[in-house]
Amino acid sequence: MKEFFDWRRQGDQLPGPPASLLSGNLREVQEYGGFFSFLPAMHQRYGKVLRFWMGSSDLMVSISDQDILSQIASTLHSRPKAAKKALGWLGHESPTFKSHEELRTIRSKVMPLLMGESLKYLCLVGQERTKRMLDGWKTATDAVEVASDFSEITFDIIGVALFGQEFSSTDLGQKFKKLFVHVLREAHPRSEEVIPSFWDPKYWQWRKSISRLQDCAEQLIKQRRQALNMNKRKDLLSLVLSEKDGSGNPFFSDEQARATIVTFVFAGFDTSASSLAWICYLLSQHPEVQARAQDEVDKVLAGRLPEFEDLDKLNYLTCVVKEAMRLYPPVPEALRALESDLEVGGYSIPKGATFVIPISMLHEDEQIWEEPRKFLPERFTQENGKDHPRYAYLPFGTGSKSCMGARFAMTEIRLVLAMMLQRFSLQLVPEQEVIPEMQSIILQPKYGLRLNVVTRNMNGTRGQTLEYSASAGVANA
């Protein structure tokens, strides 16, 4: 008991709101609708260093200063208990929960697999799925609910890129997909519980779905190991299972492969869908930016389907994506566990506290970003981008726990966006309420996003939509 009160006393020396001895600041966090709104309000009141409690003993410390972050980021390697509550369903072998040394080894094996051929395969898959979605938009008689469409196709794209065509064409793949969505949607509310809802039938249904999801992944891995052509395939699962250690044995056990691939599905699903939705929302609000991006797409692609090599030539479109992810980062906060006492900003933060990196606040720091709430893609041109401090922009996190699939995500997002802007102009449905809300730890439009999609020809005017030849991959007006 003495240790508990000493711990509370030590934490309460930091600036922060009054907290209940039993529930801490949980009620306030819930009243604000989560960290996304709670943190800015509290930082404005208490300064750059903020303390709050999630329950009676879970000390949280948020620091909204990129200079301080730059001094300590290299020491932040571990996930806290709070993250394990939200993401524990990924499996204990997930890279998310590996030590710094273990993760460094995994990265050395996985990162090369996320380059070159795997990205080209991602583009090939993305072309097919995106064309199917856009063909549906062409025949739409009303506004399109793009947020749900993006969620659907990004899941298909990432699933096939990771698991192969079996992901979308077999009963096992469809079962995995259904279970994954259920587990993910339930994970966020469960992460906010101080005591698991053992009396709630939905809790046990969720736990059962996690077990069945892991079983599905195991079956997919077993099937792949038995496939005769595994070494010739380009999906990430085949590449991971083909990796060997120095003795010629599989580098990843089946359990490690399962956790790694499931983690990549999680990292590449709602994050990419959310980013695409917010990009489209911003483009619909800024027609001059949309027109400039379309002009670049038309000039670079000249009516062709975008190939992997084309994407880095879409410089302005890349700036649009980066600026949208500054204003609406898919994951607005990152959590780390402090493994030793820390002295920052004149305060002592004890070992065992959870360190919060408020990414969305860093992205809107007025000392770094001029007019931070304005949508200005020019901030990320080659000339302007050089001036951004290292920890002022963190859309994919930072340090050893940063997203390994960042290139995967940027490739997928730019591919879908380029194909979309070739064929359509986007207009926001009037009087629509677009509110950011945390859903499954991802920042998404609370009520979805409905857009009017106007077909365009190669000159970017209203007219006949662009049609792609499936055989040649060439667009014909």
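User: What links Tyr32, Phe35, Phe38 and Phe52 into a cluster?
Analyst: Ring pairs do. Rings of Phe, Tyr and Trp (its six-membered ring) pair if their centres lie within 6.5 Å; planes under 30 degrees apart count as stacked, over 60 as edge-to-face and the rest as tilted. By this rule there are 18 aromatic pairs. This is a predicted model: local features need pLDDT of at least 70, side-chain atom pairs count only at pLDDT 80 or more, and totals for chains, interfaces and linings use all residues. Residues are numbered from 1 along each chain as its sequence is written, and side-chain values use heavy atoms, with hydrogens and water left out.

User: Why is the aromatic pair of phenylalanine 176 and phenylalanine 180 called stacked?
Analyst: The centres are 6.0 Å apart and the planes differ by 20 degrees. Set that against the limits of 6.5 Å and 30 degrees: both are met, so the pair is stacked.

User: What separates phenylalanine 176 and phenylalanine 180 along helix H10?
Analyst: About one helical turn, because they are 4 residues apart in helix H10 (residues 171-191). Helices are DSSP runs (H or I, at least four residues), as are strands (E, at least two), numbered from the N terminus. Both phenylalanines are buried.

User: What makes the pair of tryptophan 278 and tyrosine 328 stacked?
Analyst: Their ring centres are 4.0 Å apart and their planes meet at 5 degrees, so the pair is stacked. This pair links distant parts of the chain, 50 residues apart. Tryptophan 278 is in helix H14 (residues 270-285). Tyrosine 328 is in the loop between helix H17 (315-327) and strand S4 (333-337).

User: How do you know whether tryptophan 278 is buried or exposed?
Analyst: Compare its relative accessible area with the cut-offs: buried is under 20%, exposed is over 50%, partly exposed is in between (1.4 Å probe, protein chains only). Tryptophan 278 has 1%, so it is buried. Tyrosine 328 has 10%, so it also counts as buried.

User: And lysine 222: buried or exposed?
Analyst: Lysine 222 has a relative accessible area of 54%, so it is exposed. Its place is in helix H11 (residues 201-226). The C-alpha atoms of lysine 222 and aspartate 254 are separated by 8.1 Å, though these residues are 32 apart along the chain.

User: Why does serine 151 count as buried?
Analyst: Its value is 16%, so serine 151 is buried. Serine 151 is found in helix H8. Leaving aside neighbours within four places in sequence, it is in contact (heavy atoms within 4.5 Å) with Arg185, Phe269, Asp270 and Ala273.

User: Which residues have the most contacts inside the largest nonpolar core?
Analyst: Trp89, Trp137, Phe150, Phe176, Phe180 and Leu449. This core has 108 residues. A nonpolar core is a set of buried Ala, Val, Leu, Ile, Met, Phe, Trp, Tyr and Cys residues joined through side-chain atoms within 4.5 Å. Helix H8 (residues 146-163) gives the largest share of it, 11 residues. Apart from it lies another core of 24 residues, among them Leu59, Leu69, Ala73 and Ile357.

User: What does phenylalanine 180 touch?
Analyst: Not counting residues up to four places away in sequence, phenylalanine 180 touches Trp89, Phe155, Leu213, Val262, Val265, Phe266 and Phe269.

User: How do you know that arginine 326 lies over the face of tryptophan 369?
Analyst: A charge sits over a ring if NZ of Lys or CZ of Arg is within 6 Å of the ring centre and within 35 degrees of the ring normal. Arginine 326 is at 5.2 Å from the ring centre of tryptophan 369 and lies over its face. Arginine 390 lies over the face of tyrosine 391, at 4.7 Å from the ring centre.
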